[in-house]
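Trainee: Could you take one part of this model and go through it closely? I would like the backbone geometry of the loops, set against the fold as a whole.

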Amino acid sequence: MKLLFIEDEKSLRQALISYFEGEGYLCESAHDFASASEKINLYQYDCVVVDINLPDGSGLNIIKSLKQQQSESGIIIVSARNALDDKLHGLELGSDDYLTKPFHLSELNARIKSIFRRRTFKGQHEVSFQEIKIRTDEMKVSVKGEEIVLTKKEFELLIYLIANQNRMLTKAAIAEHLWGDNADMLDNFDFIYTHIKNLRKKLMEKGCPDYLHSVYGMGYKFGV
């Protein structure tokens, strides 16, 4: 899951990145309105955590921009303000949740997971595709009842493929989902083939049909 933290307070921003990377998320950050606007216009995120008070603008305008783009990102507002009007305004604009500072990082984590499940898998902790079962909260995958060991990237790739089953996904889209901004610095996407090959091999060794289909010159499609 790819997160964007829009937070001008350096110590909190660093704490957020450290905690959520430790939880296995792909994390990016922006420290002001300008850098946040650039990122949401260039990249897609599973969830955006945005502070209302930014040194050069309002986080509420970031939410407006996301909604104008018809972004599918989940949105959580965090702010030192505790006024009901701010909370209601943020929710009316289309944010999914609101947290008042100070907050526990574990609580924010729980809310991010809840939004991701609700948006992607209708709130379910367990996701099924044919004989594949995934426990999203435990990062466990089984095929026909037998657990399969995946690397972190393979797990993220499988979730992404199932969430977008029967859609053609470009190599660039897969790279951005797995590596975020760093994907821009890659000379090519040959490594995507390696992750696809390894995931396909592990699934088929457990008895799955080959659900991963190459779309020549474009990318991959996952489905029956």
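**Loops with unusual backbone geometry**

Mentor: The protein chain has eight helices and 14 strands. Its radius of gyration is 18 Å, close to the 17 Å from the globule rule for 224 residues, so the chain is as compact as a globular protein of that length. Keep in mind that this is a predicted model. Along the principal axes, the C-alpha trace spans about 55 × 35 × 30 Å. Of the 224 residues, 46% are buried. Among contacts with a separation of 6 or more, 59% join residues 24 or more positions apart. The exposed area is about 11,400 Å², with carbon and sulfur atoms supplying 48% of it.

Now the loops. Most residues other than glycine have a negative phi, and most peptide bonds are trans. Three places in this chain depart from that pattern, and they can be taken in sequence order.

The peptide bond from Lys 101 to Pro 102 is cis, with omega near -5°. Pro 102 sits in the loop that runs between strand β7 (97-100) and helix α5 (105-121).

Further along, Met 139 is not a glycine, yet its phi is positive, at about 55°. Met 139 belongs to the loop between β9 (132-135) and β10 (140-143). Its relative accessibility is 40%, so Met 139 counts as partly exposed, given that this class lies between the 20% and 50% cut-offs.

On the other side of β10 comes Lys 144, in the loop that leads to β11 (146-148). Lys 144 is again not a glycine and has a positive phi of about 55°. With a relative accessibility of 56%, Lys 144 counts as exposed, because the cut-off for that class is over 50%.

For contrast, consider a part of the chain with buried residues. Glu 28 lies in strand β2 (residues 26-30). At 7% relative accessibility, this glutamate counts as buried, and its side chain makes a polar contact with the side chain of Tyr 45 at 2.6 Å. Strand β2 is also among the elements that cover the buried residues of helix α2, together with β1 (2-6) and α3 (59-68). Those buried residues of α2 (residues 33-42) are Ser 35, Ala 36, Ser 37, Lys 39 and Ile 40. An α-helix has 3.6 residues a turn, so residues three or four places apart point the same way.

Key. Residues numbered from 1 in each chain as written. Predicted model: local features only at pLDDT ≥ 70, side-chain atom pairs only at ≥ 80, totals over all residues. Heavy atoms only, no water. Helix = DSSP H or I, 4+ residues; strand = E, 2+ residues; numbered from the N terminus. Rg over C-alpha atoms; globule rule 2.2 N^0.38 Å. Buried < 20%, exposed > 50% of the residue type's maximum accessible area, 1.4 Å probe, protein only. Contact = heavy atoms within 4.5 Å. Areas by Shrake-Rupley, 256 points an atom, 1.4 Å probe, with all protein chains shown as cover. Polar contact = N/O pair within 3.5 Å; in protein donor to acceptor, adjacent residues only side chain to side chain.
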